[in-house]
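Trainee: I'd like a close look at one small part of this model, and then how it sits among its surroundings. Could you pick a residue and follow it outwards?

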Amino acid sequence: MSLTILFAAPAVWGEYHVTLEAALKRSNIKANLVQTADPAQVDYIIYAPSSPLQDFTPYTRCKAVLSLWAGVERIVGNASLSQPLCRMVDPALTEGMVEWVVGHTLRHHLGMDRHINNPDHIWDATVPPLARERPVAMLGMGALGTACAQALAALNFPVTGWSRTEKAVDRIPCLNGTDGLTQVLQTAQIVVLLLPKTPDTENLLNARTLALLPDGAVILNPGRGALIDDAALLAELSSGRLGHATLDVFRQEPLPQDHPFWASPRITVTPHIAADTRSESAASVIAENIHRGEAGLPFLHLVDRARGY
Ligand code: NAP
């Protein structure tokens with residue numbers, strides 16, 4: 001019997017339909033991959049936040065909603081969604097995030113800006129410390145945070161991880177809870193945020209927690225804009241207490257032209273490009289989950305609806 005798979009992300013159909021068809025074939029899944037269908041006949045839904053599909057009630061046969069995005073904050077609270085929701089954990093997306101985090105960490109660690117923008121030809125021979133002398137805090141030790149922490153640790157940065165639950169990760173000491181957050185922030189010269197947006201993580205970096213950071217600390221946020229209180233961040237940067245913030249994600253995207261982040265010399269804006277889902281590898285992840293659903297195996301990357309991620 002052939003499955004009906006509804007591709008409910010029309011904006012990226014062109015990018016995905018060939019790779020998905022190929023991945024389904026590789027997994028021996030007989031399926032009709034369609035953009036419209038009778039809801040009662042749909043077996044799986046492939047979803048993105050831009051999807052026009054918002055009412056999941058009529059999809060009575062649907063066994064899972066498979067998100068093309070890692071962050072699921074725009075669907076996780078949808079009251080009509082009773083089907084299992086899986087988020088995207090894509091090896092190529094992880095690779096992209098590791099490159100973004102390592103690149104921006106090294107920019108600040110090595111003080112590259114001083115030499116790239118040197119209109120007065122100043123011979124400033126200040127030598128940066130070694131990575132081993134630059135403590136990094138990784139807030140969020142999930143799929144992305146762990147990969148980034150390990151890549152930075154491989155360059156000798158002393159990385160400390162922080163997450164909701166206790167963790168044991170090779171080479172990375174990990175903390176959790178409120179005391180753990182205080183401890184990790186008090187020593188970090190570079191802080192990376194790779195947390196999901198949930199009611200518990202919103203404004204995690206606020207006036208009180210930002211004040212815990214050492215003078216001159218740098219923040220990298222490829223997680224979600226709402227993790228940081230914008231006004232508190234601007235206050236710490238404009239007073240010169242914190243060194244710089246490189247931000248990839250914002251409460252409103254695109255970041256409005258009149259947003260003060262654009263004007264701050266201590267903020268670098270990257271336009272939500274830290275890590276994109278890549279259709280080749282993501283199609284294999286989707287096919288693997290459909291295969292598991294049909295074989296009666298537990299889905300991979302299942303979202304805990306109560307936890308919000
Ligand atoms: P993940 O595997 O679900 O990991 C999330 C991590 O955050 C886990 O370690 C989790 O702790 C921790 N966490 C959640 N709530 C917490 C809390 N209240 N206190 C402390 N730690 C908490 O997610 P992921 O795949 O690594 O992705 C992380 C986020 O990156 C996504 O949610 C998305 O927002 C963002 N992202 C951004 C881009 C981009 O291009 N900028 C691309 C992809 C993803 P436990 O391990 O204890 O559960």
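Mentor: Quick bit of vocabulary first: a strand here is a DSSP run of E of at least two residues, and the numbering goes from the N terminus. Keep in mind, too, that this is a predicted model. The residue I'd pick is threonine 268, which is placed in strand S12, residues 267–269.

Is threonine 268 buried or exposed? It counts as buried because its relative accessibility is 19%, and the cut-off for buried is under 20%. As for what surrounds it, set aside the neighbours within four places in sequence and threonine 268 touches Arg107, His244, Ala245, Thr246 and Leu247. With arginine 107 there's a polar contact as well, side chain to side chain, at 2.8 Å. The other four partners take us to strand S11, which covers 244–247.

Two of those elements turn up again around helix H7, residues 230–238. Asp230, Ala232, Leu233, Leu234, Glu236 and Leu237 are the buried residues there, and their cover includes S11 and S12, along with helix H6 (207–210), strand S10 (218–221) and H8. A general point helps when you look at a helix like this: an α-helix has 3.6 residues a turn, so residues three or four places apart point the same way. The ends of H7 have their own details. At the N-terminal end, aspartate 229 acts as the cap, with a side-chain oxygen 3.0 Å from the backbone nitrogen of alanine 231. After H7 comes glycine 240, with a positive phi near 85 degrees.

Now carry on along the chain from S11. The loop between S11 and helix H8 (260–263) holds proline 254, and the peptide bond leading into it from glutamate 253 is cis, omega near -5 degrees. Past S12, in the loop that leads to helix H9 (279–295), you'll find histidine 272. Its phi is positive, near 50 degrees, and it isn't a glycine. Histidine 272 counts as partly exposed because its relative accessible area is 28%. There's another one in the segment after H9, namely histidine 301, where phi is near 60 degrees and the relative accessibility of 27% again gives partly exposed.

Back to His244, which you met as a contact of threonine 268. It also turns up in the second largest pocket, where His108, Gly111, Val218, Gly243 and His244 lie nearest the centre, out of 18 lining residues. That pocket holds about 330 Å³ of space. Helix H2 (91–110) and helix H3 (112–116) each supply at least two residues of the lining, and by class the lining has five nonpolar, seven polar and six charged residues.

To finish, zoom out. The chain divides into domain 1 (3–90 + 277–295) and domain 2 (92–269). Nine residues from domain 1 and six residues from domain 2 take part in the contact, while the domain centres, taken over C-alpha atoms, are 33 Å apart. If you're hunting for enclosed space, there's one cavity of 30 Å³ or more, with about 40 Å³ in it. Tyr47, Trp69 and Arg224 are among its lining residues, and the whole lining splits into five nonpolar, one polar and three charged.

Terms used
Residues are numbered from 1 along each chain as its sequence is written. This is a predicted model: local features need pLDDT of at least 70, side-chain atom pairs count only at pLDDT 80 or more; totals for chains, interfaces and linings use all residues. Side-chain values use heavy atoms; hydrogens and water are left out. Buried means under 20% relative accessible area, exposed over 50%, partly exposed in between (1.4 Å probe, protein chains only). A polar contact is a pair of N or O atoms within 3.5 Å; within protein, one must be able to donate a hydrogen and the other to accept it, and residues adjacent in sequence count only if both atoms are side-chain atoms. Contact means heavy atoms within 4.5 Å. On a 1 Å grid over the protein atoms alone, a cavity is a set of points where a 1.4 Å probe fits but cannot get out, and a pocket is an open set with protein on both sides within 12 Å along at least five of seven lines; lining residues have an atom within 4 Å of a point. Grid points are joined across faces, edges and corners, and a volume is the space filled by probe spheres set on the points. Ala, Val, Leu, Ile, Met, Phe, Trp, Tyr, Cys and Pro count as nonpolar, Asp, Glu, Lys and Arg as charged, and the others, Gly among them, as polar. Domain bounds come from an automatic or database domain assignment.
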